[in-house]
Amino acid sequence: MSDLTMTIGGEAAAVEAVFDVLDPATNEVCGQAPDCTAEQLDAAMSAAAAAVPSWSSDAEARASALRRAGEAVEEAEEDLARILVSEQGKPLADAHLELKGAAGRLRFAADLRLQPEVLQDDEQALAVLHRRPLGVIAAISPWNAPLIISMAKVAPALAAGNTVVLKPSPYTPLSTLRLGELLRDVLPPGVLSVVSGRDGALGAAMTKHSVPRMVDFTGSIRTGKLVAESAAGDLKRVAVELGGNDPAIALQDADPGELAERVFWGAFANCGQVCVAIKRLYVPQDRYADWLDALRAVAEAVPVGAGMEEGVRLGPLNNAPQADHVERLVDDALDHGATAVAGGARLDRPGNFFAPTIIAGAADGVAIVDDEQFGPALPVIPYDSLDAAVRAANATHYGLGGSVWGSDAENAAEVAARLECGTSWVNTHKVLAAHIPFVGTKWSGYGGNSGIDGFHEFTASQVLYTQR
Ligand code: NAD
């Protein structure tokens, strides 16, 4: 896969230098990606700016190009899924789901139209709100779900008449580079450029660059703050979709035997590397042992292995620093007197494998409860009163998602409404969809790209006011 190229102005960019990409299942090199030079970034930005007038002028042409882009992703699903597994580590079936989601985002966006809104129409004036594209969007993605997250940005941004320069994470650039290649024949030159870089410097250069009028960033809180700071230099608009530490609260009437499997996958899908995974679970004190037993049974039965192995449900962590981070948090919890009722350590094999881990006895104040683990280790915390559980759930800088589980859905929804987060689920977790806005609160960020609200994030309002 060393022959993958960046897409700049609709063409393959010259490869000046490359960096290695590792297979998380072995930590051996699985491909190489081009390292974008400053001149190449300038060229991508100029091509994107040059493409705006024509791309923004014809909504129907955009719609059909986006529809074709969705079809192109569907046709290349197998190829893209295999590249994604090789660099990201997720099981092949999950990679296929990610690709279907990415194609779905493009299809959904093809049906979006900016509609003028009449604000006033009377004897005094006609006032109409129009939404105009912003121009060039810089889109920066993380490594956990590179293609769906990238398309969740690119599709509505393009549908609104903007052009995009997209940068994947250095850990997972290959599938996005391949996608850029595929779309060269589908989108006019400059409408979507894909650039890659060996470290954060390229992302930093994009957020500082004078051409884009918006940065749509998904990643960690730490980097999100840098992005917001840097984009303030010329008051670019910013959407920062950042980390989470989602609480799930099981109510007294939630049956562990019935729900443990669903709760488990709410926490462990993609090896826990989901922004809106369940990252701490609060359960009633008198059902604590039942919940731990039920979760342990699920954790111990899960087939863990390389993403291309038959029947595997959980792959490795994506990269060595992330595996170190999860190991540190688990070790720290054990040092604080917690116990691992399942897992608790790395697997004894090459790559970044960590056993699915259920932690008992780690209270609020211990790092694995307070911080985002972004890995396959779930602390389960008992509560004495529901009010205390809600207070603990909300006592955090994070505010991405949360969920409440119970057999009385109406009652559970009342509790869910008390959680301070962008999405509060009942009897499920981490369900995201193109038509449903998805946006954090607090340090989990602001701005989003799903639903009509997300679509409008990529536009500037213009009011036409005619005096009568
Ligand atoms: P990260 O912040 O390290 O990197 C994200 C992207 O930013 C990468 O492409 C990286 O190269 C780039 N980058 C690095 N330094 C930069 C800089 N100074 N300026 C601009 N860009 C820079 O995040 P990660 O480790 O790739 O992703 C994991 C994090 O992402 C987790 O915290 C997870 O919760 C979060 N996440 C959030 C969402 C969401 O929608 N809220 C979705 C997925 C992941």
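**Exercise 1.** In which loop, between which two strands, is the place of His 429? Describe its surroundings in this predicted model.

*Solution.*
Step 1. Locate the residue: His 429 sits in the loop that runs between strand S18 (423-426) and strand S19 (445-446).
Step 2. Check its exposure. The relative accessible area of His 429 is 5%, and buried means under 20%, so His 429 is buried.
Step 3. List its polar partners. The side chain of His 429 makes a polar contact of 3.0 Å with the side chain of Asp 246. A polar atom of the His 429 side chain also lies 3.2 Å from the backbone oxygen of Val 276.

**Exercise 2.** Determine which residues and elements surround the ligand, and where the ligand lies relative to the domains.

*Solution.*
Step 1. Count the shell: 29 residues surround the ligand. The closest are Ser 141, Ser 220, Thr 223, Leu 242 and Glu 372.
Step 2. Sort the shell by class. It holds 15 nonpolar residues, 11 polar ones and three charged ones.
Step 3. Assign secondary structure. At least two shell residues come from each of helix H7 (201-208), strand S10 (214-218) and helix H8 (221-231). H8 gives the largest share, three residues.
Step 4. Assign domains. Residues of the shell come from both domain 1 (7-242 + 441-467) and domain 2 (246-426), and therefore the ligand lies between the two.

**Exercise 3.** List polar atoms of the protein that lie beside N or O atoms of the ligand, then state how much of the ligand is covered.

*Solution.*
Step 1. Take the ligand oxygen: an oxygen atom of the ligand is 2.9 Å from a polar side-chain atom of Trp 143.
Step 2. Take the ligand nitrogen. A polar backbone atom of Leu 242 lies 2.7 Å from a nitrogen atom of the ligand. For Glu 241, a backbone N or O atom is 3.5 Å from a nitrogen atom of the ligand.
Step 3. Read off the cover. On its own the ligand has 850 Å² of accessible area, and the protein covers 88% of that.

**Exercise 4.** How many disulfides does the model contain? Explain the result for Cys 30, and treat Cys 421 in turn.

*Solution.*
Step 1. Recall the bond: a disulfide joins the sulfur atoms of two cysteines covalently.
Step 2. Set the cut-off: the two sulfur atoms must be within 2.5 Å.
Step 3. Apply it to Cys 30. Its closest cysteine sulfur belongs to Cys 271 and is 17 Å away, which is too far for a bond.
Step 4. Turn to Cys 421. The nearest cysteine sulfur, in Cys 275, is 13 Å away, and Cys 421 is in no disulfide.
Step 5. State the total: zero disulfides.
Step 6. Add the exposure of both residues. Cys 30 is buried at a relative accessible area of 18%, and Cys 421 is buried at 16%.

**Exercise 5.** For the pairs Val 380 with Arg 280 and Ala 299 with Thr 459, set the separation along the chain beside the separation in space.

*Solution.*
Step 1. Place Val 380: this residue is in strand S16 (residues 377-383), and at 0% relative accessibility it is buried.
Step 2. Take its pair. Val 380 and Arg 280 are 100 residues apart along the chain, with 6.1 Å between their C-alpha atoms.
Step 3. Place Ala 299: helix H10 (residues 288-301) contains this residue, which is buried with a relative accessible area of 5%.
Step 4. Take the second pair. Ala 299 and Thr 459 are 160 residues apart in sequence, and their C-alpha atoms are 45 Å apart in space.

Terms used. Residues numbered from 1 in each chain as written. Predicted model: local features only at pLDDT ≥ 70, side-chain atom pairs only at ≥ 80, totals over all residues. Heavy atoms only, no water. Buried < 20%, exposed > 50% of the residue type's maximum accessible area, 1.4 Å probe, protein only. Near = heavy atom within 4 Å. Polar contact = N/O pair within 3.5 Å; in protein donor to acceptor, adjacent residues only side chain to side chain. Areas by Shrake-Rupley, 256 points an atom, 1.4 Å probe, with all protein chains shown as cover. Helix = DSSP H or I, 4+ residues; strand = E, 2+ residues; numbered from the N terminus. Nonpolar A, V, L, I, M, F, W, Y, C, P; charged D, E, K, R; others polar. Domains from an automatic or database assignment.
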